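Here's a quick walk through one protein model, with an eye on charges, backbone oddities and what sits inside. Have the structure open while you read.

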Amino acid sequence: MHIGIFAQITISNFKQGTLHMQAYRRRLKQYLKPLCGFGLALSGILGSNSVAMAQLNQIGSLTVDNVELDFDLLTPGPTSLMTINDTFFMPQGATGLEGLSFLTRTGTGNYNFQTGAGAAIAALDGSGQLGIIPLNGDFNESNSAQLLLPGESTQFGFFVGDWSGAFNITVRNNGTDVDTFQISSVGNPGPFFVELENGVFDEVILSALPDNSAANWVLPGFFIQSFAMNSDSAAQLPSSLAQVGVQNGTVIFNQLATRLHGIAGAYGLGDDFGYSATMPNFESGFQLAGDSADDLSNPLVVRGQCGSGCCSDWCAYNSEWDGWASGYGIGGEVSSTGGAAGLEYRTGGAQVGLFKRADADTLMGFFGGTSFQQADFTDNSRADVDSGTIGGFIYNQDCSGSTWMVAANFYHDSYRTSRPVGAGTAYGSFDGIQQGIYAERGQILNYCGYQVLPKVALQQIWLHQDAYTETGTGGAASVARNDTNSLRAIAGLDVSTDPICFAGGDVKLNASGQYMYETLDDSTSATASVGAAPAFTARGVSFGRSWGVFGTGFSYDRFDRVSLYGNYDLYIGENSTFHTADGGVAVNW
């Protein structure tokens, strides 16, 4: 009885507990259902991103754009990668092979078996010299052939000659094996086509190893996945050099203006007495300007008067023409913009000037010079530019301190360029001309031993480059003639000291700051074409539209007829920085 009651109670409690557990499980399932859905979705996402193994498979034909290398088109005998790229890739505007080589071994063969694909490529000797092998031609045996492709490829094709049996193709990417596939050339020289699924490759290794120790095989042809040649550099190179020329012209005008400001101060422009002292018939002491010493109806004017510095006396010697000569250097860099390569830039040059005093307020004269410019680009392109210039100027400063100047010049430029194209180099040689005009207006203010010159200026430069055709490797381009126009607005402030006594002479120090703004294009574009491919236009590097120019310098007058000077300027642009320095000597004859 007791046992039965106990059993009944136990069963009843078990059933009740089971019901409670089932209700709990239903509630738990209800609460966890959204989390389960999220888990399923997450597992789906993770599953979709799983990495599939790259696999090389044989296919019936290529389905990608490709370049066929048919060695029947080349002359039997030694050949080169450059010849191969020039013959097969360049006419299609495609990027050529980066490399083609054979790993040779001891032994020779004769191409007299399975010759249906025609002439082939192989090593001519133990050094691996590439050669085109005609039917029944001899060749050096190789363990393997290596092709460095023009881009990351998914498909490849080839022929194999003088061989019947298993042949292996291994594809690699970034120096790492991806997969290997074996074909059979029994009674069939090809072509054989393969495709890599779930991956890309940039290198192919062809070999009969390790399945066969013999290595007397040749390769009658390839099918290389084509990549449009990145020929932008053909147009970007002269475009960037045009801006280099504009910048060089800017530096020359800035140095000319600085030099003329210094000459005007030394010659006392705007000072009628200073003008009298530099007129013809200079004599020591003085001379009456009238018809005779007894003729007092004319005013007395002293000529030949010498000026006085703080330490030394000086005379404005009166020759018809005086002059200066200076050397200058420029160094700087420009960052890459818009896909165009950046560059490092260096210039060395010399400038000479001749001038005379036209009246009490005006200097007029001529200047000229030569420069050698060198630009090294971040894409390994390079350019050398030889320039020669000649120009003239007028500078005026009246007795109130008001100044103005106008200068114009003309250049002839000679360019030599080189740029890498695939495994080779394309070379260019062409000429150009350049014309510039500089106009400036200022007002000298004297303040506590300093001369302060606020000024504004406009600079216009037009630069022309002749059309040219590159020589050298496949991918050499034809570049159309090109014109560049620049118009820069300039506002600045020059400050110079009164003469300071130093080492028995007079030293004047100067400092300057300018803001320069390019109102036209801050970069240049050019049009080029490669082979039969359509012409294209590309823009060169931008030097920046806004510039700050900060300078300092000195002049030293120690001798009657000679003065020395030097200046340094820092050009800071939005995309570039340049340092310029010049120094020289001014001579009174």
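Does Lys 455 count as buried or exposed? At 6% relative accessibility, Lys 455 counts as buried. Keep in mind that this is a predicted model.

**Charges around Lys 455**

Two salt bridges involve this lysine. In one of them, the side chains of Lys 455 and Glu 440 meet at 3.8 Å, N to O. That pair links distant parts of the chain, with Lys 455 in strand 23 and Glu 440 in strand 21 (residues 424–443), 15 residues apart. Glu 440 is buried as well, with a relative accessible area of 5%.

In the other, Asp 494 and Lys 455 come together at 3.1 Å, N to O. Asp 494 lies in strand 27 (residues 482–497) and Lys 455 in strand 23, so this salt bridge ties together parts that are 39 residues apart in sequence. Asp 494 counts as buried too, at 13% relative accessibility. Elsewhere, Arg 346, Asp 376, Arg 382 and Asp 384 are joined into one network by salt bridges that share partners.

The structure holds twelve salt bridges. Another of them pairs Arg 105 with Glu 141, and it links strand 4 to strand 7 (residues 138–153), 36 residues apart. Here Arg 105 is partly exposed at 29% relative accessible area, while Glu 141 counts as buried at 11%.

| Salt bridge | Closest N–O distance |
|---|---|
| Arg 105 – Glu 141 | 3.5 Å |
| Lys 455 – Glu 440 | 3.8 Å |
| Asp 494 – Lys 455 | 3.1 Å |

**A buried charge without a salt bridge**

Now for Asp 413, in strand 20 (residues 402–421). Asp 413 is buried yet has no salt bridge, and the nearest side chain of opposite charge, Arg 416, is 11 Å away. What Asp 413 does have is a polar contact, side chain to side chain, with Ser 387 at 2.6 Å. Leaving out residues up to four places away in sequence, Asp 413 touches several others, among them Val 385, Asp 386, Phe 430, Ile 433 and Leu 463.

**Backbone oddities**

Gln 114 and Cys 448 each show a positive phi without being glycine. For Gln 114, phi is near 50°, and the residue sits in the loop between strand 4 and strand 5. Gln 114 is buried, with a relative accessible area of 15%. Cys 448 has a phi of about 50° and is found in the loop between strand 22 (445–447) and strand 23 (450–465). Cys 448 counts as exposed, at 62% relative accessibility.

There's a cis peptide bond to look at, too: Gly 190 to Pro 191, with omega near 15°. Pro 191 is in the loop between strand 10 and strand 11 (192–197).

Strand 9 (residues 166–173) and strand 10 (residues 176–184) pair in the antiparallel sense over eight bridges. They form a hairpin with two residues between them, and Asn 174 in the turn has a positive phi of about 55°. Arg 172 stands opposite Asp 177 in strand 10.

**Helix 2 and the bigger picture**

The protein chain has four helices and 34 strands. Helix 2 (residues 81–89) has Leu 81, Ile 84, Asn 85, Phe 88 and Phe 89 as its buried residues. They cover an arc of only 95° around the axis, which puts them on the same side of helix 2. Their cover includes strand 2 (66–70), strand 4 (99–110), strand 5 (120–123), strand 6 (130–133) and strand 13 (221–225).

Over the whole protein chain, buried residues make up 46% of the 589 residues.

Notes: Residues are numbered from 1 along each chain as its sequence is written. This is a predicted model: local features need pLDDT of at least 70, side-chain atom pairs count only at pLDDT 80 or more; totals for chains, interfaces and linings use all residues. Side-chain values use heavy atoms; hydrogens and water are left out. Buried means under 20% relative accessible area, exposed over 50%, partly exposed in between (1.4 Å probe, protein chains only). The arc is that of the directions from the helix axis to the C-beta atoms. Contact means heavy atoms within 4.5 Å. Lys and Arg count as positive and Asp and Glu as negative; His and the chain ends are not counted. A salt bridge is a side-chain nitrogen of Lys or Arg within 4 Å of a carboxyl oxygen of Asp or Glu. A polar contact is a pair of N or O atoms within 3.5 Å; within protein, one must be able to donate a hydrogen and the other to accept it, and residues adjacent in sequence count only if both atoms are side-chain atoms. Two strands pair if DSSP finds at least two bridges between them.
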